[in-house]
Amino acid sequence: MAEQSVLLIVGGGIAAYKALELVRLLRKAGIGVRCILTRAGAQFVTPLSLSALSENKVFADLFSLTDEAEMGHIELSRASDLVVVAPATADLMAKAAHGQADDLASTTLLATDKRVLMAPAMNVRMWLHPATQRNLATLKSDGVLLVGPDEGAMACGEFGPGRMAEPEVIFAAIQAALAGPAARPLAGKRALVTAGPTLEPIDPVRFLSNRSSGKQGYAIAEALAQLGAEVVLVSGPTALPAPVGVSRVEVETAQEMLVASQSALPVDVAVLVAAVADWRPTQPAARKIKKFGAAPAPITLVENPDILATLSAQGPMRPQLVIGFAAETNDLDHNSQAKLARKGCDWVVANDVSQEGVMGGDSNTVSILSRDGVERWETADKGAVARRLAAKIAETIH
Ligand code: CTP
C-alpha cells in the first residue's frame, strides 16, 4: 500500500510547539507529512524545524509563484489523505466555518475535498465565546472531525477548556481517521462502560472498597472507542489515565455510579465491569469515629442499588445489549447462568478469579455466557480480551 499522508496546517498559538512532536510521531509511524505554516504559526515554530522533522518542504505563502508551480494549494490537499489543523486557533476555525480564503491555510481548507481533523487550542474565554461555539457547531455539521481541547492549566495562566490535546491523542485520532469506516464498525453508536471499584464511606476518613484495578474496564472502553463508538466511562477511583477518545465521569460510591450511568443513557451497549460494592455503611458518621472512649461499634450495612439489574430493566431506555461481568472462584458456569437470569442482562463475561493474579493483574481467562450457550476464550492479556469483546459487540449490535 502506498504511504498514507497527512497535510498538517500549523496555526499561530503557543501549542504550535506540540505540532513538532506530532510530526515526529507521524513520521515514526511511516505516515507522510506536508506542513503549511500560517504567518502567525511562524511566530511560534520555524519552517526549518517543521521541514527537518517532516522531511518535506514547508509551505507558507499563497502567492509564492515557485510553490504554485511546484505544488499549488489544490495539489497540496489532493496529494494527502487527511488534512489536520493543529493548533486550530479561534481565527482558523472562524475562517474555515465561514469559507474565508485569504491565506494558504484557509484557501486550502476551502479547496479540499478531503476529511479535515481539527485540534483546537485557545484561551478558555475565546473557546467558550458564543462566536467560537457557533463556528464549532458549523464545522461539526460540515463533517469536520475534532480532537480536544483538553481542560487544564493554560499558558496564559488561566484554567479551563482550550488547551490543545496532547500529540499522542491527536496522533491516535489521525490513525482512526485514516483507518476509514471499515475499521470503525461502531461509528455512530454510543457505549457506556463502568469500571473500577466503588468506595463506600464509613466516616470522613474511612471507607469500604475492593481490589479492582479498573484495567479490564478501561481496556474495554478504549477498544470500543477504537472501533468508533462514542464511549462514556463511569469510573470508580483508579490509578489509570482516561483512555484516548473516551469521556470519563469519575465517581466514588455505588449510588453515584448509578446516577452517572443513567445520565449516560441512551446508549446502544452497556458493559458493566465495575466491582460495585454490594453493601454500604447504613449511615456514614459525619465526624471521624474515635478509637478512645468507646467500644468498637459494629458497622451496619445496607444493600447498594444493582446498576446492572437496573439498566437491564430500563424499559424503553434499555440499551440494545447489556453485558455484565461475574467474578467466580467456583461453579463458574452455573453461577454465571444464574446471574444472567437474575440480573436480566444479555451476556455475562465470567472470569475465573480462583487463580492468583487476575484481580489487578494483566491477563484474564473469560467465558461469554448468553441464553444461547457458552463461548470459552483462552487466557489473554486484558487488552486482547477487550478487543475481542469489542469486535463481538460490533458484530451483534446494528
Ligand atoms: N453490579 C452492578 N451493581 C451492583 C453489583 C454488581 O452493576 N450493585 C454488576 C457488576 O458491574 C458486574 C455484575 O453486576 O457486571 C457482577 O454481579 P455481582 O452479583 O456483584 O457479582 P459478584 O460480585 O460476582 O456477585 P456474587 O457475590 O453474587 O458472586
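**A walk through the sheet and its helices**

Let me begin in the middle of the fold, where strand E1, covering residues 5–10, is joined to strand E2, covering residues 32–37, by six bridges, with the two strands running parallel. Please keep in mind throughout that this is a predicted model. If you would like one pair of residues to look for on the screen, take Leu 8, which stands opposite Cys 35 in E2. As background, strands of a sheet pair through backbone hydrogen bonds, and they may do so either parallel or antiparallel.

Stepping back from that pair, what is the order of the strands in the open sheet? There are six of them, arranged as E3-E2-E1-E4-E5-E6, and the pairing is parallel. At the edges we find strand E3, residues 58–59, and strand E6, residues 145–146, each of which pairs on one side only.

Now to the helices that lie across this sheet. Helix H2, residues 47–54, lies across E1, E2 and E3, and runs at about 170° to E2. Helix H5, residues 90–98, lies across E1, strand E4 (82–88) and strand E5 (115–120), running at about 140° to E4.

Helices also pack against each other, and the example I have chosen is helix H1, residues 16–28, with helix H9, residues 167–179, whose axes are 9 Å apart and meet at an angle of about 45°. Because of that angle, H1 counts as oblique to H9. On the H1 side, Lys 18, Glu 21, Leu 22, Leu 25 and Leu 26 take part, and they meet Pro 167, Glu 168, Ile 170, Phe 171 and Ile 174 in H9. Sorted by character, the residues of this contact are seven nonpolar, three charged and no polar.

Glu 21 appears a second time, since its side chain and that of Arg 24 meet in a salt bridge, with 3.0 Å from N to O. Why are these two separated by about one helical turn? They are three residues apart in helix H1, and so about one turn lies between them. Over the whole structure, a search finds 17 salt bridges.

Finally, some details of the backbone. A cis peptide bond joins Ala 86 and Pro 87, with omega about -5°, and Pro 87 is found in strand E4. Another cis peptide bond joins Gly 148 and Pro 149, with omega about 5°, and here Pro 149 lies in the loop between E6 and strand E7. In the loop between H2 and E3 you will find Glu 55, a residue other than glycine whose phi is positive, near 55°.

Conventions: Residues numbered from 1 in each chain as written. Predicted model: local features only at pLDDT ≥ 70, side-chain atom pairs only at ≥ 80, totals over all residues. Heavy atoms only, no water. Pairing = 2+ DSSP bridges. Helix = DSSP H or I, 4+ residues; strand = E, 2+ residues; numbered from the N terminus. Contact = heavy atoms within 4.5 Å. Axes fitted to C-alpha atoms, helices over the stretch in contact; angles between N-to-C directions. Parallel < 35°, antiparallel > 145°, perpendicular 65-115°, else oblique. Nonpolar A, V, L, I, M, F, W, Y, C, P; charged D, E, K, R; others polar. Salt bridge = Lys/Arg side-chain N within 4 Å of Asp/Glu carboxyl O.
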